[in-house]
Amino acid sequence: MKPASASLLLLFLCFSCVFAFIPHRTLLLDNNNNNNLNEEGKYLTTKELWFNQTLDHFSPYDHRQFQQRYYEFLDYFRIPDGPVFLVIGGEAPCNGIVNDYIGVLAKKFGAAVVSLEHRYYGVSTPFDNLATENLKYLSSKQALFDLAVFRQYYQNSLNAKLNRTGVENPWFFIGGSYSGALSAWFRLKFPHLTCGSLASSAVVLAIQDFVEFDQQIGESAGPECKAALQETTQLVESKLAANGPALRATFKADDLIVDGDFLYYLADAAVIAFQYGNPDKLCKPMVDAKKAGEDLVEAYAKYVNEYYAGTFGVNVQIYDQEYLKKTEINEDSSSRLWWFQVCTEVGYFQVAPSNDSIRSSKIDTQYHLDLCKNVFGDGVFPDIDATNIYYGGTKIAGSKIVFTNGSQDPWRHASKQTSSTDLPSYLIKCNNCGHCTDLRGCPQSPLVIEGNEKNCSSPDAVHKVRQKVQEDMDLWLSECINTDTGRSFI
């Protein structure tokens with residue numbers, strides 16, 4: 001960010017990651033070397049690097065370590081004093097440094113870009129299976145310490161490559177969605193280790209009953225599309241009661257025998273259109289079908305099967321609670337891992353509002369609590385209050401954190417949307433401005449190279465927010481350099 005709800009799980013897609021190590025200084029100087037750009041240009045680099053990370057940062061007795069994957073991109077690095085951008089890995093495998101707007105920012109500021117895969121995700125796993133007892137070290141708190149330890153490791157490595165000691169480059173942390181929250185929380189908890197943070201679509205507020213999520217989908221859809229989707233849900237519920245197996249077969253979801261799992265799958269399929277800037281993919285066929293008096297369930301099944309499961313590539317199995325119970329590591333392990341974080345820390349239960357809902361009313365609080373218990377065992381449920389007490393929620397008391405959100409993104413209601421001098425917050429308003437628009441452009445998925453804004457319904461709105469973000473970054477980096485030149489944190 002399913003039943004790690006793909007909208008809940010795929011809230012990571014705005015970052016699927018971007019990360020990095022230093023070759024010889026002579027190579028650092030060669031800013032025209034494009035050998036590590038993959039042929040499609042989707043990644044700035046895919047060269048894997050590794051370092052040994054502490055498993056439990058909170059135990060003075062447990063000294064176990066695991067290997068954590070990272071990436072670096074140095075083509076734009078201004079030697080020797082350029083900034084280092086640390087792009088934070090989120091709830092998904094990190095397969096390289098993505099060529100989105102962060103690359104543009106790196107070029108502008110002469111920055112090195114490094115990125116660390118989140119613990120447990122991808123290949124940065126401490127254990128060979130994901131049994132619940134092995135997940136106790138999976139938390140945002142441990143992840144923040146991972147970032148702090150890695151930041152010190154990388155700075156030391158950089159100093160060694162540049163034949164110097166005790167020097168600190170200015171660092172700036174960047175993240176989107178859950179990793180956007182980590183970016184904000186890192187600046188809050190470790191202000192001496194970063195000059196500032198960019199928190200794109202940052203879900204800093206833990207919420208149990210996230211009714212605003214569905215309400216925003218209705219607002220983003222507009223009256224005609226919303227009405228078509230609501231009627232579709234009513235028809236689906238009727239058909240599910242009358243002949244569930246036949247209906248599931250229509251959506252190629254025969255294995256989702258739990259009604260809540262099936263209905264969650266259908267709800268997420270609609271969410272993705274608005275969350276990632278493709279509203280016409282859903283609304284045009286649904287509104288057209290309604291006006292023509294056609295079967296709305298058939299129209300919706302066509303969209304789900306061809307776009308959500310087809311083009312978008314969602315595996316329907318990740319909605320099956322029995323599949324989520326599997327503890328062996330596989331290509332869908334991120335679903336189980338993210339659900340564990342949801343079920344222990346942040347909630348984000350995308351429940352149906354009491355009235356005027358788009359999703360089925362069967363997707364309620366109890367469904368989520370039952371899922372947490374069924375998948376992970378007794379006593380597993382999110383401690384929302386503890387998370388918000390620890391980080392502050394939308395009352396986060398940090399400084400030099402810039403928040404950005406897209407107007408159509410349902411996740412913005414878990415982000416900080418009020419602005420202040422030390423914590424500026426910008427809302428990008430346009431019809432297809434969803435999750436992490438400032439970093440991804442439009443649409444937000446699939447990837448648009450360098451996060452180009454030309455396909456946004458209001459490119460100027462995106463451009464203006466990006467300019468403000470650059471101004472904030474420029475100010476905070478300059479203040480950091482003027483204050484901390486030559487200071488060592490080691």
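This briefing covers the overall build, helices, disulfides and backbone details of one chain. The model is predicted. The chain holds 16 helices and twelve strands. Its radius of gyration is 22 Å, close to the 23 Å that the globule rule gives for 490 residues, so the chain is as compact as a globular protein of that length.

**Overall build**

- The C-alpha trace spans about 75 × 50 × 45 Å along its principal axes.
- Of the 490 residues, 61% count as buried.
- The accessible surface is about 18,700 Å². Carbon and sulfur atoms hold 49% of that surface.
- The chain carries 43 positive and 57 negative charges. The mean positions of the two sets lie 4 Å apart.

**Two buried helices**

- Helix α8 covers residues 259–275. Its 17 residues should span 24 Å at 1.5 Å a residue, and its end C-alpha atoms are 24 Å apart, which agrees.
- In α8, 16 of the 17 residues are buried, so the helix is largely enclosed by the rest of the structure.
- Just after α8 comes G277, with a positive phi of about 75 degrees.
- Helix α5 covers residues 178–189, twelve in number. From first C-alpha to last it reaches 16 Å, close to the 16 Å expected at 1.5 Å a residue.
- Ten of the twelve residues of α5 are buried, so α5 is largely enclosed by the rest of the structure.
- The buried residues of α5 include the aromatic side chains of Y178, W185 and F186. R187 is also among them.

**Disulfides**

- A disulfide is a covalent bond between the sulfur atoms of two cysteines.
- The count for this model is five disulfides. Three of the links are described here, starting with C225 to C283.
- C225 and C283 are joined with an S to S distance of 2.2 Å. The pair links distant parts of the chain, 58 residues apart. C225 sits in helix α7 (residues 223–250), and C283 in helix α9 (residues 279–291).
- The link of C225 and C283 is left-handed, with -85 degrees about the S-S bond.
- C225 has 2% relative accessibility, so it counts as buried. C283 also counts as buried, at 10%.
- C343 and C372 are joined with an S to S distance of 2.1 Å. This pair also links distant parts of the chain, 29 residues apart. C343 belongs to helix α12 (residues 333–346), and C372 to helix α13 (residues 365–376).
- The link of C343 and C372 is left-handed, at -80 degrees about the S-S bond.
- C343 is buried at 0% relative accessibility. C372 is buried too, at 0%.
- C430 and C433 are joined with an S to S distance of 1.9 Å. Their link is right-handed, with 100 degrees about the S-S bond.
- C430 has a relative accessible area of 7%, so it is buried. C433 is buried at 0% relative accessibility.

**Strand β12**

- Y426 lies in strand β12 (residues 425–428).
- With a relative accessible area of 14%, Y426 is buried.
- Y426 and G90 are 336 residues apart in sequence. In space they are 22 Å apart, C-alpha to C-alpha.

**Cis peptide bonds**

- The bond from I79 to P80 is cis, with omega near 0 degrees. P80 is in the loop between β3 (65–73) and β4 (84–88).
- The bond joining C442 and P443 is cis, with omega about -10 degrees. P443 is in the loop between α15 (437–440) and α16 (459–484).

**Positive phi outside glycine**

- N163 is not a glycine, yet its phi is positive, at about 55 degrees. N163 lies in the loop between α4 (140–161) and β7 (171–176).
- At 72% relative accessibility, N163 counts as exposed.
- E450 is not a glycine either, and has a positive phi of about 60 degrees. The place of E450 is in the loop between α15 and α16.
- E450 is partly exposed, with a relative accessible area of 37%.

Technical notes:
Residues numbered from 1 in each chain as written. Predicted model: local features only at pLDDT ≥ 70, side-chain atom pairs only at ≥ 80, totals over all residues. Heavy atoms only, no water. Helix = DSSP H or I, 4+ residues; strand = E, 2+ residues; numbered from the N terminus. Rg over C-alpha atoms; globule rule 2.2 N^0.38 Å. Buried < 20%, exposed > 50% of the residue type's maximum accessible area, 1.4 Å probe, protein only. Areas by Shrake-Rupley, 256 points an atom, 1.4 Å probe, with all protein chains shown as cover. Lys, Arg positive; Asp, Glu negative; His and termini not counted. Charge placed at Lys NZ, Arg CZ, Asp CG, Glu CD. Expected span 1.5 Å × (residues − 1). Disulfide = S-S within 2.5 Å.
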